[in-house]
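Here's a quick briefing to read with the model open beside you. Take it one topic at a time and find each residue as you go.

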Amino acid sequence: VKLLGGEVVSTQSDSVAEGILLLAEQYGVSQIVVGKSQHESFLQKIGIKRSLPHELVHQSKGIDVNVI
């Protein structure tokens with residue numbers, strides 16, 4: 001990670017999306033790139049209504065979220 005100019009950070013939050021967006025705001029991030037699972041129907045079957053990419057897109061304000 002450091003060889004590519006990145007930094008490992010951690011946070012605590014009630015949701016993964018909330019934690020990512022909080023850190024993004026603190027670090028002045030303007031874009032988030034996240035992958036979309038091919039198994040979203042499985043997540044819905046076990047009670048997870050929205051995927052992480054879906055939550056990031058809907059909760060982000062002023063940060064572009066790119067889903068691949």
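The side chain of Ser60 reaches over to the backbone oxygen of Ile63, at 3.4 Å. Keep in mind that you're looking at a predicted model. Both Ser60 and Ile63 are found in the loop between helix 3 and strand 2, so that loop is a handy place to start, given that Ser60 counts as buried at 17% relative accessibility, where the cut-off is under 20%.

**The loop before strand 2**

- Which residues does Ser60 touch, if you skip those up to four places away in sequence? They are Leu21 and Val65.
- Ile63 is buried too, and its relative accessible area is 9%.
- Leave out the neighbours within four places in sequence, and Ile63 is in contact with Leu21, Ala24, Glu25, Val29, Ser30, Gln31 and Ile32.
- One of those partners, Gln31, is 32 residues away from Ile63 in sequence, yet the two C-alpha atoms are 5.5 Å apart in space.
- Leu21 shows up twice here: it is touched by Ser60, and it is in contact with Ile63.

**Helix 1 and what covers it**

- Helix 1 covers residues 16–26, and its buried residues are Ala17, Gly19, Leu21, Leu23 and Ala24.
- Why might buried positions in a helix be spaced like that? An α-helix has 3.6 residues a turn, so residues three or four places apart point the same way.
- Ask yourself what covers these buried residues of helix 1. The cover includes strand 1 and helix 3.
- Two of the buried residues in helix 1, Leu21 and Ala24, are among the contacts of Ile63.
- Just before the helix comes Ser15, which is partly exposed with a relative accessible area of 29%.
- Ser15 and Gln59 are 44 residues apart in sequence, and their C-alpha atoms are 11 Å apart in space.

**Between helix 1 and strand 1**

- Right after helix 1, Gly28 takes a positive phi of about 70 degrees.
- Tyr27 lies in the loop between helix 1 and strand 1, and it counts as partly exposed at 47% relative accessibility.
- Tyr27 teams up with Val9 and Val29 to make a nonpolar surface patch of about 240 Å².
- Val29 has another role in this picture, as one of the contacts of Ile63.
- Ser30 has its place in that loop between helix 1 and strand 1 as well, and it is partly exposed, with a relative accessible area of 47%.
- Not counting residues up to four places away in sequence, Ser30 touches Ile63 and Asp64.
- Looking back along the chain, Ser30 is 25 residues from Gly5, and their C-alpha atoms are separated by 16 Å.

**The two strands**

- Strand 1 runs over residues 31–34 and strand 2 over residues 64–67.
- Do they pair in the parallel or antiparallel sense? They pair in the parallel sense, over four bridges.
- For one of the matches, look at Val33, whose bridge partner in strand 2 is Asn66.
- In a regular strand the side chains alternate between the two faces of the sheet.
- Strand 1 shows such a pattern: Ile32 and Val34 point to one face and are buried, while Gln31 and Val33 point to the other and are not.

**The whole chain**

- Count the elements and you get three helices and two strands.
- From the N terminus on, they run α-β-α-α-β.
- The chain has 68 residues, of which 19% count as buried.
- Its C-alpha atoms fill a box of roughly 40 × 25 × 20 Å along the principal axes.
- The chain exposes about 5600 Å², and carbon and sulfur atoms supply 53% of that.
- Take the contacts between residues at least 6 apart in sequence: 60% of them join residues at least 24 apart.

How values were computed
Residues are numbered from 1 along each chain as its sequence is written. This is a predicted model: local features need pLDDT of at least 70, side-chain atom pairs count only at pLDDT 80 or more; totals for chains, interfaces and linings use all residues. Side-chain values use heavy atoms; hydrogens and water are left out. Patches are made of residues with over 30% relative accessible area and no salt bridge: like charges are joined within 9 Å, nonpolar side chains (Val, Leu, Ile, Met, Phe, Trp, Tyr) within 5 Å. Accessible areas come from the Shrake-Rupley method with a 1.4 Å probe; for residues, only the protein chains shown count as cover. A salt bridge is a side-chain nitrogen of Lys or Arg within 4 Å of a carboxyl oxygen of Asp or Glu. Buried means under 20% relative accessible area, exposed over 50%, partly exposed in between (1.4 Å probe, protein chains only). Two strands pair if DSSP finds at least two bridges between them. Contact means heavy atoms within 4.5 Å. A polar contact is a pair of N or O atoms within 3.5 Å; within protein, one must be able to donate a hydrogen and the other to accept it, and residues adjacent in sequence count only if both atoms are side-chain atoms.
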